[in-house]
Structures are given as C-alpha cells and as structure tokens.
Amino acid sequence: PQNNELYVQVTDAQVDHSMWQRPEDARPNGQPNKSYKIDGQNGGSDVAAETASALAAASIIFKNTDPEYSALCLQHAKALFSFADTVRRSYHQSVPAATDYYKSWNGYEDELLWGLAWLYKATGEDIYLNKLELRYQSKTPLEFSWDDKTAGVQVLLAQETGLDKYKQDVANFLNNAMNNVDKTTDGMTWLRKWGPNRYAANYAAIAMFAANIELPNSDQYRTYATQQIRYMLGENKRQSSYVIGIGRNPPQRPHHRGRYSYAFIFNFLMLNGY
C-alpha cells in the first residue's frame, strides 16, 4: 500500500490447517480472515527482498509487451528492496504466526543478495552489482530452496559478470549436489524426506542454468538435469509421475483441500441425478 509496508500472510496458519474445506470458505469462527503485514516498526527483510526479487524478474518479462506494468513492477521492487535492506529483521520475528511454517532458518542475507542480483539484472545499474559483490561471500550451499537463495545468486553473478570465480562457485554447488547428496536406488537426488522432489527439481534447474552459461561440464549438467526431471515424470521403478496431470500415470487423488471439496460436491450431484 505504501513504502515500508507489505502484506505477507492471510489467515492464521494453525487455524487454517485445522479445517478441511474450500480455502475460499475458510472463516475462523465466522470472522473475516486476519491479514498480517510487515512495516517500518516490524520489518521482514527476507520476505520483502524475496518479493522485490520476484517483481524485478517480472519487470524483465513484461518489459517489451507491457512497459507500463513492467515499470510499476520495477518501481515496487526498488522500494521493497530499500525497505528490506534498511529495516533489517527476519519475517517470522514480526509475524510469529509464520514461525512454525516458514521460519527463516538461514537468515535474511541470502534474500538481500538475491534482491540485489535481480535488480542489477533488471536495471543494469552498477550500484546494485557493486553492493552485491561487496557483500557476497563465496561458499557452497547445500540446497537451493525457499530458505536459501545462495545458489541462485551465484548463477546470476556468473551470468552477469562472466567471472570464473562465480562460475566456480556454481560448479562447486553442482558437484556437491551430484556427487555427495544421497540418491534413491534409481537415481533421484534425495536431500530430505519433506518434499524431496522440490530439492531435486531445484538442483536440476541450477544445472540447466549452469549449462546455459557454458561451464566446463555443461553436457554433464544437462544430462543430470534431464535425468532428475524424467524421474519425476515417470521414468522410475514405480513407473509413475509425481506431477499431477503430466507424465506417465500421474497422481489421481492429490492431498488438496480445494480439490477434495469440489470433487465431493461433483460426486454428490452426480449420484443424486443432477
């Protein structure tokens, strides 16, 4: 709504998880859903910088087809990043209701770097690249995920600068992912049991980005990425896709609250001759 103000959550997560109905019908105790925001007194550097990154990326996508909207996205991206970098605080500290669900375990510095990287890519303004290179510290992250954007920052630095030191950081990340992270018996990279496909898909994405900036092992990265995605689409011992509606024998009964509600209504009407 204004500078240093961003709405970041709708509905109390614990209450939301306690109900099994269409999300649009969820009204705790018959009351309107509660909204949560961060502001100048209660910052959220991680979520504000993440949003700035998304808007900066969107400004690139719409630059030629909708210049006015692109400019609006970039305007808000810049303002949100300034907010994130000035009022430094983790999102869950200002919105305690998020703590049990999206606590920023990795801190907010990676999101701030992510924001700088996308703002530089969107604007070409050296102020963003200079800040990014000054604050960036070389390391090998374990994952690329909602909680850790470091590997993506490394890719963008390698893309935008062409410097070998950043390309090497990307290569180190992929070497660890491909050779040190556990795999299933038929080859999917398995980081942890909670949503394993998302980690494998993100490793594959970084591998394809690395291949496209022509790192020395580009062919190997493309092969690895292709294997991971094909596994998820059904080339596995189950011979079943993990993606609804795509690939070989995909899931038919997802654990999805809205889907079950609509399916129940549809089946009720069919069974009763409507």
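Buried, in these notes, means under 20% relative accessible area. I'm working from a predicted model here.

**Entry 1: salt bridges, the count**
I started by asking how many salt bridges the whole structure holds. My search turned up 10 salt bridges. I picked out a few to follow up.

**Entry 2: Arg135 and Asp85**
I looked up Arg135 and found its side chain in a salt bridge with that of Asp85, at 3.0 Å from N to O. The two sit in distant parts of the chain: Arg135 belongs to helix α7 (residues 126-135) and Asp85 to helix α3 (residues 67-86), 50 residues apart. Is Asp85 buried or exposed? Its relative accessible area is 15%, so I put Asp85 down as buried.

**Entry 3: Arg135 again, with Glu109**
Arg135 turned up a second time, as its side chain also meets that of Glu109 in a salt bridge, 3.3 Å from N to O. Glu109 is in helix α6 (residues 109-123) and Arg135 in helix α7, so this pair ties together parts 26 residues apart in sequence. I checked the accessibility of Glu109 too: it comes out at 31%, which counts as partly exposed.

**Entry 4: Lys121 and Glu160**
Next I went to helix α6 once more, for Lys121. Which residue does the side chain of Lys121 meet in a salt bridge? I found Glu160, with 2.8 Å from N to O. Glu160 lies in helix α8 (residues 150-161), and the pair links distant parts of the chain, 39 residues apart. Lys121 has a relative accessible area of 31%, so I noted it as partly exposed. Glu160 is partly exposed as well, with a value of 31%.

**Entry 5: the network**
I then traced which salt bridges share partners. Asp85, Arg88, Glu109 and Arg135 are joined into one network that way. That puts the two Arg135 pairs from my earlier entries, with Asp85 and with Glu109, in context.

**Entry 6: backbone oddities**
I turned to phi angles last. Most residues other than glycine have a negative phi. Thr11 caught my eye, with a positive phi of about 85° although it is not a glycine. Where is Thr11 found? I located it in the loop between β1 (5-10) and α1 (13-17). Thr11 has 9% relative accessibility, so I count it as buried.

Gln239 went on my list too: its phi is near 55°, again positive in a residue other than glycine. Gln239 lies in the loop between α11 (218-232) and α12 (257-271).

Technical notes
Residues are numbered from 1 along each chain as its sequence is written. This is a predicted model: local features need pLDDT of at least 70, side-chain atom pairs count only at pLDDT 80 or more; totals for chains, interfaces and linings use all residues. Side-chain values use heavy atoms; hydrogens and water are left out. A salt bridge is a side-chain nitrogen of Lys or Arg within 4 Å of a carboxyl oxygen of Asp or Glu. Helices (H or I, at least four residues) and strands (E, at least two) are DSSP runs, numbered from the N terminus. Buried means under 20% relative accessible area, exposed over 50%, partly exposed in between (1.4 Å probe, protein chains only).
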